Amino acid sequence: MNTHEIAMHIQTHQAPAVLATLIEVEGHSYRKAGAVMLFFEGGTIGSLSPGCLENDLQLRTSEIWERGLPEIVEYNMLSLDDLSWGEVVGCGGKIKVVLEPVQGQLYKLLVQASDRLARGEKLILFREALEKGFAYKLELDPDLVLPQSKKHPKLSHSAKENLAAGRFMAAPAELTAFHTSFVPRPRLVIFGGGRDVVPIAELADRVGFRVAVADWREGSLHNKFPRAEQVICSPMEVVQRLGVVREDYVLICSHQLGRDRQFLESVIPLAPLYIGIIGSKARISLLLEGFEAPASLHAPVGLPIGGEGPEEIAVSIIAEIIQIRRVGSRELPKGADSIEGSRNIFGSGAEQADGRVQGFTEIVAGGLTRERRA
């Protein structure tokens, strides 16, 4: 998710913005319930569709900001030839989107979320329907495993009920409560700063990872990784200098057997979510000699797509890391998907009403709807 980027934008920009949250999906949809997108003057962050809905949503944002009240919008694209859209729409499904002006309490909590995400906290933003608008609450995710020196704050009874319900819509016609997860950008720690690492670091950054590159050779880091954290130190010092933790993803690719082995020895006890090693099977066998390979080890690294050259190899590596990130499994076989339909670019949900919109007070009261604007 791009919630971290959205929170950071809200914190650093005071211009009007509208937050769009996908709360219900019926049929095929590009994104699943819970996806978010931010509209602001001059741009957007995130997406809810392959591009067929965003223009219509963008047209609504000025009015929503001026009125200061959220709205819910429905899109029905089950018809393969919906003339109301003026073209064949390929998504095919029903979705419901809540549009919220980023003002007042929502603005304050998103700014707060940005600070807390920077500290590595995983958060949940709750909304509970009032007569007008929402009541907001930002809580620490109760599923987050914190170091023993830290304790979870207790969730209020209503927050626990909302989370336990796990629902974005309580019933087709009534919106009672929904929530959004705010997750810090995960970090990819790369040991080795050779030229082959550049496309890996660039692609990792583009898909939502913070990147840190470590090497003992000062020249290897020269102007190659402008957006990455960079450290120059011995392999044994990397863990301490970068503060490597269990939630990190680690890639070993210095192509120097002795140095790689020293770094591997220091990182294995930390049990990061992912350890990938670039190299041939013969070289990796020598590198792992005497080690008990953890379940999170992927060597050789990357999904077997037959990639050649640095760019294609980077795609295979980042694809594998994304797979591990999405399923949260340390023992997933290469190429296996534990999420049904995860290989379908348009996703697959339970099953979106022609851009129909309802004012929030009408939603709660079950009132009439407004027709979609062209």
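Helices H1 (residues 3-12) and H3 (residues 104-118) meet in this predicted model: their axes come within 8 Å and cross at roughly 120 degrees. An angle over 115 but not over 145 degrees is neither roughly perpendicular nor roughly antiparallel, so H1 counts as oblique to H3. The crossing of the two is left-handed.

Who does the touching? On the H1 side, the contact is made by Thr3, His4, Ala7, Met8, Ile10 and Gln11. H3 answers with Tyr107, Leu110, Val111, Ala113, Ser114, Asp115, Leu117 and Ala118. Sorted by class, the H1 and H3 contact looks like this:

| Class | Residues in the H1–H3 contact |
|---|---|
| Nonpolar | nine residues |
| Polar | four residues |
| Charged | one residue |

Now for the nonpolar cores. The largest one has 27 residues, and those with the most contacts inside it are Ile10, Leu38, Val102, Leu110, Leu123, Leu125 and Phe182. Ile10 and Leu110 also turn up in the contact of H1 with H3. At least two residues of this core come from each of H1, H3 and the strands E1 (17-27), E2 (36-40), E6 (123-129), E7 (134-140) and E8 (177-182). Which element supplies the largest share? That's H3, with six residues.

Leu123 is worth a click in the viewer. Leaving aside residues up to four places away in sequence, Leu123 touches Ala113, Arg116 and Leu117, then Leu138, Glu139, Leu140 and Asp141, and also Thr180, Ser181 and Phe182.

There's a second core too, separate from the one above: it has 24 residues, including Phe225, Leu251, Cys253 and Ala314.

Notes:
Residues are numbered from 1 along each chain as its sequence is written. This is a predicted model: local features need pLDDT of at least 70, side-chain atom pairs count only at pLDDT 80 or more; totals for chains, interfaces and linings use all residues. Side-chain values use heavy atoms; hydrogens and water are left out. Axes are lines fitted to C-alpha atoms, for helices over the stretch in contact, and angles run from 0 to 180 degrees between N-to-C directions. Helices (H or I, at least four residues) and strands (E, at least two) are DSSP runs, numbered from the N terminus. Angles under 35 degrees count as roughly parallel, over 145 as roughly antiparallel, 65 to 115 as roughly perpendicular and the rest as oblique. A crossing is left-handed if the near helix is turned anticlockwise from the far one by less than a right angle, and right-handed if clockwise. Contact means heavy atoms within 4.5 Å. Ala, Val, Leu, Ile, Met, Phe, Trp, Tyr, Cys and Pro count as nonpolar, Asp, Glu, Lys and Arg as charged, and the others, Gly among them, as polar. A nonpolar core is a set of buried Ala, Val, Leu, Ile, Met, Phe, Trp, Tyr and Cys residues joined through side-chain atoms within 4.5 Å. Buried means under 20% relative accessible area, exposed over 50%, partly exposed in between (1.4 Å probe, protein chains only).
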